[in-house]
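Colleague: I should like to request a close look at one part of this structure, explained in a manner suited to a first-year student.

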Protein chains: 2
Amino acid sequence: MILTITPNPAIDLTYRVAGLQPGGSHRVDAPLSRAGGKGINVARVLAAQGVESRIIATVGGESGRELEQELAAAELPRRLIRVQAATRRSIALVDELGGQTSIFNERGLALEIAEWQALAEAIADELQDAELVVASGSLPTGAPADFYPGVVALAKQAGVPAIIDTSGAGLLSAASAGAALLKPNREELLEATGEHELAAGARVLLRLGARRVLVSDGERGMLAFAAGTEGHLSARLPEALAGNPTGAGDAAVAGAAVVLASGEQSLEPLLRRAAAWGSAAVLMPAAGEISERWRELESTLILEEHFSCH
Amino acid sequence: MILTITPNPAIDLTYRVAGLQPGGSHRVDAPLSRAGGKGINVARVLAAQGVESRIIATVGGESGRELEQELAAAELPRRLIRVQAATRRSIALVDELGGQTSIFNERGLALEIAEWQALAEAIADELQDAELVVASGSLPTGAPADFYPGVVALAKQAGVPAIIDTSGAGLLSAASAGAALLKPNREELLEATGEHELAAGARVLLRLGARRVLVSDGERGMLAFAAGTEGHLSARLPEALAGNPTGAGDAAVAGAAVVLASGEQSLEPLLRRAAAWGSAAVLMPAAGEISERWRELESTLILEEHFSCH
């Protein structure tokens, strides 16, 4: 079983607007409402591919009840921790005339200390039955700085590899704690490490203690780095795909999780599956889904080995 | 007791955005969440002024539960009819840099026939103890065309005057049913009647059967018309007030309701109170509130009598 942790889940509301006018008043239909958050997207992809998984997430207030009902309707195995603070919302306004989407992500209200403890206990408990753990996304306001390294430490105690997909200081501390895999995108990696080049940024994370780093670079594909090796691997499609990149990173994490959970240690199959599932997500309208064409995409990937020059 | 009916209530979510960028991704704090809908705003104003009132509204889904909790916390007397369809949301994005507010009003999901019947029964029942009824706002998708005239008919049976604040075809049919007072704004009146002048539009509603028409004309003030009389009255402040006009119309309706419910038949005190409360609402940040300065504003109103020329 692959355990996915979403410490700051959201109800994603998607509205279709016939021409967004700043300062204007708009009549809109009821939104598409969906349980969101990166770890939940990872679990959706795994479930659709027949991989056993389990969601851990916090839920609060009426929006939390909505999230709970949506996960129940989707029949996703889950362990939800009830908290006082209402689950945040993420609002997407899809402008059907302008063709662009405006996003408003609520930050997420603070949890109480006892609630963080309950979350940590649930993680420790579920890790007993897990082959791998994925912890993803932002943290609520006022979260303990050691939350992600704490997940890595609990996973180590249970002998389970941990994938952490986050940004900022959390990325560095998860590296120091010895995460099995980190998956920043280009901006997140350069911003957190202060480097100007992807390879240099990834090397910072490996030096801190990360075992592997997977960097998503949009249409340019993905790069993979491993501790104790020089150079890196890259994967890209012969031609970029048109579609919706939302959730592509989560699908890539799901792909990497399946390969790592199987006990595979080498970097190439991991990169291949992650790049294929990430690309296959671009072909789907919603986050948490990948196209059935992923095997075909995987077979067309161009993999290259890059050697470092020092 | 003044009964207020809100057939299409909403949860009003107000977000503060530091610079709205169409197509961009924004981090926002949790919104101000409030039970909304015109009839609920009227009831809030009445309650704050110590006038006994009672809300009738439909509620559904988790958003309906939120609305219910908010009304309970505000201690507003209410009779809520549970329906299958989730209560709609209304989203306001207040751009703190640009200074403008963008509004997204969900239309409201359809009710079932049995739910419309339950609503009508609740109205007939509560009318037994009412001195006046106010029915306000839009209707959910697929509402019966005779909903507002039906409210007027039930009120007549109970010997209670009915104020209807709506737009479009509902405004015309409420006039035909003989509403005691209609309160369109300029755009609503001209759009529904097809006239180009406020006085001509108001005369259409009076000819159809309305007893009185109050027209709000933004900063230009209000006009009042009565059946069986020539000419009309107008009220305006010496200087326009700066502030938030959201909910000013609902406050004006609350003012008119208090005067009509007292048994007062003449137009002048009704117009005076409606214009004062409407203006006093502009000074407050949220809909459903009026400034304590309303008595002072009422004393400075400029009332004029206008005679028709035919």
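Which residues of β12(A) lie on one side and which on the other, and are they buried or exposed?

Modeller: Please keep in mind that this is a predicted model. Strand β12 comprises residues 212-216 of chain A. On one side of β12(A) are A:R212, A:L214 and A:S216, and on the other are A:V213 and A:V215. These residues are all buried, and both faces of the strand are therefore covered. In other words, five of the five residues of β12(A) are buried. The division into two sides follows a general pattern: in a regular strand, side chains alternate between the two faces of the sheet.

The partner of this strand should be considered next. β12(A) pairs with strand β13, residues 222-226 of chain A, over five bridges in the antiparallel sense. One bridge links A:S216 to A:M222 of β13(A). The two strands form a hairpin, with five residues between them. In the turn, A:G218 has a positive phi of about 60°.

A helix of chain A may be set beside this strand. Helix α9 (residues 267-282) of chain A is also mostly covered, as 12 of its 16 residues are buried. Among them are A:L267, A:L270, A:L271 and A:W277, as well as A:V282. The length of α9(A) can be checked: at 1.5 Å a residue, its 16 residues should span 22 Å, and the end C-alpha atoms are 23 Å apart, which agrees.

Another sheet includes strands of both chains. Its five strands form an open sheet in the order β4(A)-β2(A)-β7(A)-β8(A)-β3(B), and the pairing is mixed. β4 (32-36) of chain A and β3 (25-28) of chain B stand at the edges, each with a single partner strand, so one side of each has no neighbour in the sheet. Neighbouring strands of this sheet are turned by 20° against each other on average, direction ignored. Within the sheet, β2 (residues 10-17) of chain A is joined to β4(A) by five bridges, and the two run antiparallel. In one of these pairs, A:D12 has A:R34 as its bridge partner in β4(A). Helix α2 (residues 61-73) of chain A packs on the sheet, where it touches β2 and β4 of chain A, and its direction makes about 85° with that of β4(A).

Finally, the two chains are related to each other. A turn of 180° and a shift of 0.1 Å along the axis lay chain B on chain A with an RMSD of 0.1 Å. This is the relation of a two-fold axis. The same surface serves both copies, since 100% of the contact residues of chain B recur in chain A.

Note on methods: Residues numbered from 1 in each chain as written. Chains lettered and ligands numbered in written order. Predicted model: local features only at pLDDT ≥ 70, side-chain atom pairs only at ≥ 80, totals over all residues. Heavy atoms only, no water. Pairing = 2+ DSSP bridges. Helix = DSSP H or I, 4+ residues; strand = E, 2+ residues; numbered from the N terminus. Axes fitted to C-alpha atoms, helices over the stretch in contact; angles between N-to-C directions. Contact = heavy atoms within 4.5 Å. Least-squares fit on C-alpha atoms with pLDDT ≥ 70 in both. Expected span 1.5 Å × (residues − 1). Buried < 20%, exposed > 50% of the residue type's maximum accessible area, 1.4 Å probe, protein only.
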